[in-house]
Amino acid sequence: MCWVQRPGGSIQPCWPVCADVWPRRNLAATTRWCWPTAGTRDPVARASVGRVAAALGAALGVPTRVSYASAAPPAAGVAVTRLRAGGAQRVAVAAYFLAPGLFHDAVAVSAREAGAVAVAAPLADAPELADLVLRRVDVDAGRRGGSWR
């Protein structure tokens, strides 16, 4: 999981960046979210992804299911199908990708074919993302006893 140290020393997960950005991407009014990530064969990393998805779902008040673009099941289309089979009427997909490309395109196609009502654009130029990167650099520079600024 991605963590960032705030001024004053408190440590926070970085998933709030996603919780702040995705509602602006016209994903409100959904009954379930599918959260595709790149994918990994590492079970510890997959467990971390699951914890982030659960935290996002809690923060947004919408149950969230993980899916993967590669390396691990379920694929986004399968996750959307399962959510709809479980009674979800409006499933939105908010992929955890920084930029458009092969993974995002594949997720978008499979999710839409499975009945997703919306697919969010990648995080890309969200100001919160740039802020997160700067905070992480500040933390790393502080650990090394210096500053990058």
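The following legends describe close-up views of a predicted model.

**View 1. Strand β3 and its surroundings.** Strand β3 spans residues 32-37, and 5 of these 6 residues are buried, so the strand is largely enclosed by the rest of the structure. Burial here denotes a relative accessible area under 20%. In a regular strand the side chains alternate between the two faces of the sheet.

**View 2. The pairing of β3 with β5.** Strand β5 comprises residues 91-93 and pairs with β3 in the parallel sense, over 3 bridges. Within this pairing, Cys34 stands opposite Val93 of β5.

**View 3. The pairing of β3 with β4 and the crossover between them.** Strand β4, residues 64-68, also runs parallel to β3, and 5 bridges join the two strands. Thr37 has Tyr68 in β4 as its bridge partner. From β3 the chain passes through helix α2 (residues 43-60) before entering β4, forming a β-α-β crossover that is right-handed.

**View 4. The buried face of helix α3.** Helix α3 occupies residues 76-85. Its buried residues are Ala76, Gly77, Ala79, Val80 and Leu83. These residues cover an arc of only 160° around the axis, which places them on the same side of α3. The elements covering the buried residues of α3 include the strands β3, β4 and β5, together with helix α4. After α3 comes Gly87, which has a positive phi near 110°.

**View 5. The length and two sides of helix α4.** Helix α4 consists of 12 residues, 102-113, and reaches 17 Å from its first C-alpha to its last, close to the 16 Å expected at 1.5 Å a residue. The buried residues in α4 include His104, Val107, Ala108 and Ala111. Seen down the helix axis, the buried residues of α4 fall within an arc of 100°, so they line one face of the helix. An α-helix has 3.6 residues a turn, so residues three or four places apart point the same way. On the other side of α4, Leu102 and Glu113 are exposed.

**View 6. The cover over helix α4 and the residue that follows the helix.** Among the elements that cover the buried residues of α4 are strand β3, helix α3, strand β5 and strand β6 (118-119). Helix α4 in turn belongs to what covers the buried residues of α3. Gly115 follows α4, and its phi is positive, near 110°.

Key: Residues are numbered from 1 along each chain as its sequence is written. This is a predicted model: local features need pLDDT of at least 70, side-chain atom pairs count only at pLDDT 80 or more; totals for chains, interfaces and linings use all residues. Side-chain values use heavy atoms; hydrogens and water are left out. Buried means under 20% relative accessible area, exposed over 50%, partly exposed in between (1.4 Å probe, protein chains only). Helices (H or I, at least four residues) and strands (E, at least two) are DSSP runs, numbered from the N terminus. Two strands pair if DSSP finds at least two bridges between them. A crossover is right-handed if, with the strands pointing away from the viewer, the path from the first strand over the helix to the second runs clockwise. The expected span of a helix is 1.5 Å times one less than its number of residues. The arc is that of the directions from the helix axis to the C-beta atoms. Contact means heavy atoms within 4.5 Å.
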